Amino acid sequence: MFVEGKRARLYLGSAVAAFLLLSPLSVRGDLYLGPGQLVQAGGVDITVPGYSVPSFAHWDGDNLPDLIVGEGSGTLTPKVRVYLNSGTATNPQFTGFFYAQSLGSDLTVPGSGCLGLFPRIVYWDADARKDLLIGRADGRIMIFLNTATDDAPSFDGGTFLQFGPAGSKTDIDVGSRATATAVDWNSDGMKDLVVGGLDGRIHIFINDGTDTAPDFLSEQFAQEDGANLYVPSNRSSPIVGDFNDDGRKDLLSGNTNGQLLLYPNVNTDAQPSFSGYSLIEADGTPIDLPGTPRSRPALCDWTGDEPLDIVIGAGDGGVHLYLGRCRADINEDGNTDISDLAELLGAYGSSTGDPDYNPAADLDGDGDIDLSDLASLLGAYGCSTLP
């Protein structure tokens, strides 16, 4: 048997081969982050008025991801900034910005308290033009449909999304501070709505229509140990994805305290439920932005490599970037390669307290450097964070 990496093919003994067959690995789902940094434009840290809500997505037609940042608050006008990427796919660069447009002027909605607006690019209908999903501070959600082109978007005046049976629908309203994302929650191939709010719950609206004409009939809540999940310190800001490579969607959330909390899925991919969380770390320390900054995260691929990266918005108006590392990059040279394999094999069989024990090679953190660590390294072989 062999495992194919970016640069090498490794031939494995039968024991390792059997382990890998039972334990499929992928570096794409792993959140292993380096130290935080602030994103700049024109050589200066980006600082938007009010509370920042960033994401990294294609805005125009040059195949380079761009930076989209919500701004504003209850006293500062909410708008959507767009910083076009003037660099490359592996080294994004930004200079100036412009505001997203609605009906010929800057797109804006009322803000209140600690949120201007929460923007996410989404393809909502069937016209293959990017639209804007906007979570509002008052707890409601709007869809702004693109009336121009996919490469140069401009939007209509927006429509409130509703739920309920036909003939008696009401506006979706999570109370306040709606942080909305479109994701297929129940694995039926159609976009649903997963929404955080000031109350700390994860509000879910299942799409009973079609993927290009969503219809939401009822509201439910993400479950933790058989009860409604509440994110500690409230102001949940959810991301849904498979973060531990077990083929089931997990939940990642920001909160009032500026942390990132990961809830692994303990049920099925089509019916997620959760039991406890862990704090996401950066450079070995849990992310905990100063004060009560309201962390509002988005996953991205900032440098076009394999590990996941993340951007976080906060009350300081900055865009906080955490670049993903290869967890199996034991010597931290930017590549998972033969030198890392040599370090792991040199420590193989050792445990905490042994002279040969290397904590960086203990990839699963169980105190022993053994077959599971070797399998993890081989599964990530070829992972690079170098441009």
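Here are three short exercises on side-chain packing in this predicted model.

**Exercise 1: the core**

Find which residues have the most contacts inside the largest nonpolar core, and which strands each supply at least two of its residues.

*Solution.* Start with the core itself: it has 16 residues, and Leu33, Leu252, Ile280, Ile287 and Tyr322 have the most contacts inside it. Next, look at the strands: S26 (260-263) and S31 (309-313) each supply at least two residues of this core. Now zoom in on Leu33. Leaving aside residues up to four places away in sequence, Leu33 touches, among others, Ile280, Ile287, Leu308, Ile310 and Tyr322.

**Exercise 2: two ring pairs**

Classify the pair Phe94 and Trp302, then the pair Tyr263 and Phe274, by the angle between the planes.

*Solution.* A search of the whole structure turns up 11 aromatic pairs. For Phe94 and Trp302, the centres are 5.9 Å apart and the planes make 55°, so with edge-to-face starting over 60 degrees, this one is tilted. Phe94 is in the loop between S8 (79-83) and S9 (98-99), while Trp302 is in the loop between S30 (296-300) and S31, 208 residues apart. Both rings belong to buried residues.

For Tyr263 and Phe274, we get 6.4 Å and 75°, which is edge-to-face. Tyr263 is in S26 and Phe274 is in the loop between S26 and S27 (278-279), 11 residues apart. Tyr263 is buried at 0% relative accessible area, and Phe274 is buried at 1%. Both also sit in one aromatic cluster with Trp185 and Tyr277.

**Exercise 3: lysines over rings**

Work out which rings Lys79 and Lys191 lie over.

*Solution.* Lys79 is over the face of Tyr99, 4.6 Å from the ring centre. Lys191 is over the face of Trp124, at 5.6 Å.

Definitions and conventions. Residues numbered from 1 in each chain as written. Predicted model: local features only at pLDDT ≥ 70, side-chain atom pairs only at ≥ 80, totals over all residues. Heavy atoms only, no water. Core = buried A, V, L, I, M, F, W, Y, C linked by side-chain atoms within 4.5 Å. Buried < 20%, exposed > 50% of the residue type's maximum accessible area, 1.4 Å probe, protein only. Helix = DSSP H or I, 4+ residues; strand = E, 2+ residues; numbered from the N terminus. Contact = heavy atoms within 4.5 Å. Phe/Tyr/Trp six-rings, centres within 6.5 Å; stacked < 30°, edge-to-face > 60°. Lys NZ or Arg CZ within 6 Å of the ring centre and 35° of its normal.
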